[in-house]
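User: I'm new to this one and would like to learn how to read it. Could you walk me through it, beginning with the inside?
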Amino acid sequence: MLVINCPYCGPRPEIEFQYGGQAHVARPENPAATTDAQWAEYLYMRDNPKGAHFERWRHIHGCARFFNAVRDTVSDFFLTTYEIGAPRPDLDRLKEGANR
Amino acid sequence: MQKYSAFSLFLEGLRGQQGWRPQWRAPEPKPAYDAIIIGGGGHGLATAYYLASEHGLTNIAVLERGWLGGGNTGRNTTIVRSNYLFEESAELYDHAVKLWEGLSQELNYNVMYSPRGVLMLAHNVHDIQSFKRHIHANRLAGVDNEWLDAEACKEFCPPLNIAPGMRYPVLGGALQRRGGTTRHDAVAWGFARAADARGVDIIQNCEVKAIRRDANGAVEAVETTRGVIRTKKIGVSAAGHTSVVMAMAGVRVPLESYPLQALVSEPVKPAFPCVVMSNTIHAYISQSDKGELVIGAGTDAYVSYSQRGGLHIANHTLDAICELFPMFRRMRMLRNWGGIVDVTPDRSPIIGKTPVPGLYVNCGWGTGGFKATPGAGNLLAHTIARDEPHPINAPFALDRFRDGLLIDEAAAAAVAH
């Protein structure tokens, strides 16, 4: 079981959390102006990387708040977690930190 | 190909078993092929077999990163069924069941297809309504599926607990009698042997690193750990790694890769006569011919390529198994593992052409790809050979997400299946 560091409550076991899919997916400002392909991209296309993945989690059995995380999808190691609205962290710096 | 029969077994018995030969060659990759299949699991090997046997395309290769059938082909719970809700799906999966029925004879290899019946349990009113809707839809589509009440379920599967006081009581079930299991390794090996006999090169330990495209954007070669191989047609059959392979050709696919876990018990005498599935509480169980209980769990919640998963997922499944089948409470589990399944937004697969000329894909089978192995290979082979989809897989095109033509089995079943 993973231990996930909620930015508000600290480290807690995985079963307290709900996964929320890829982070930083912005809804188009004006959906009526998008093409079918752009709308499908927004609805259905996700990065699904083998490596660092930016994703949302929700501490549903704790503070119930959403937050973002960067996790390596090969090792399931969390590189960092951060509050919703905070800028996307720099990946290279995170990996350096993880290796140190 | 050395033909297997009762007579060859007898003859080899007289010769001290010295005459058996390897079932397929281990060739060096040629500089060029007419077509290349990426992924040497059941689906990829079946594709190669049908390309060679039905379409006369024999100058082809299957490239496998590890060993044959070492991915999801070797990690699933071997369940075969076709009682899906929508006509497109029922036709797709039933195409596979029809191929399973004659596969051992066709391949001269015992894939141990055992139509022992797949019973899907209903635990609440929603399940009952949903399953009966499936049964009616299946009847219209010509696929067998029937409703059993709780007592009839117990009669069909005596180890089942139907006591009314359970947390998730058994209220009935949908039974597909043609459903059952097959032997997963034999499927990969049987297709590999039959494809090899028709001239297909099966190349293991050969990872594709890049896909080269010409000035018009069409595929022209793959770069692998064993050199560059030229080809005009590539079929991708890479399951959980499809996103990674398709990215090499610059194609984004609507897939997310999740770990799906399974586990087996110690082997015991034959005790469990059929396959029982409970989608509501995520438990899938059958007994292998070796005697092990083969148990499937649900997917983990998050995308991952780790081929593991959280123990709490397996634990949750075992809770359900122990309540449904009290006689298994003292069984010991021997092994558990995870496979990486590629899940589409509508939980239906993608088989067809891609925006890149010469690149074809078979993916998105999610948690239910094994049952479709011969059918998926057969249809991808047709698509590659003719450069157009077969009528059965035409609705399962990549374009359907853009065009809003989803085949929404996710909503139909309300859970992963």
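User: Which residues have the most contacts inside the largest nonpolar core?

Analyst: Keep in mind that this is a predicted model. A nonpolar core is a set of buried nonpolar residues joined through side-chain atoms within 4.5 Å. Here the largest one has 47 residues, and those with the most contacts inside it are B:Leu45, B:Tyr50, B:Leu92, B:Trp100, B:Leu107, B:Phe191 and B:Val200.

User: Which elements supply at least two residues of this core?

Analyst: In chain B, two strands do, β2 (35-38) and β3 (60-63), along with the helices α2 (42-55), α3 (87-107), α6 (184-197) and α9 (373-386). The biggest giver is α3(B), with 8 residues.

User: What is B:Trp100 in contact with, leaving aside its neighbours within four places in sequence?

Analyst: Its partners are B:Val80, B:Tyr113, B:Thr182, B:Val187, B:Phe370, B:Lys371, B:Thr373 and B:Pro374. There's also another core lying apart from the largest one; it has 30 residues, including B:Ile203, B:Met246, B:Val253 and B:Leu398.

User: How many helices and strands does chain B have?

Analyst: Count 11 helices and 20 strands. The radius of gyration of chain B is 21 Å, and the globule rule gives 22 Å for 417 residues, so the chain is as compact as a globular protein of that length.

User: What share of chain B is buried, and what share of its contacts links residues 24 or more positions apart?

Analyst: Buried residues are 58% of the 417. As for contacts with a separation of 6 or more, 75% come from residues 24 or more positions apart.

User: And what does the exposed area of chain B come to?

Analyst: About 16,700 Å², with carbon and sulfur atoms supplying 53% of it.

Terms used: Residues numbered from 1 in each chain as written. Chains lettered and ligands numbered in written order. Predicted model: local features only at pLDDT ≥ 70, side-chain atom pairs only at ≥ 80, totals over all residues. Heavy atoms only, no water. Helix = DSSP H or I, 4+ residues; strand = E, 2+ residues; numbered from the N terminus. Rg over C-alpha atoms; globule rule 2.2 N^0.38 Å. Buried < 20%, exposed > 50% of the residue type's maximum accessible area, 1.4 Å probe, protein only. Contact = heavy atoms within 4.5 Å. Areas by Shrake-Rupley, 256 points an atom, 1.4 Å probe, with all protein chains shown as cover.
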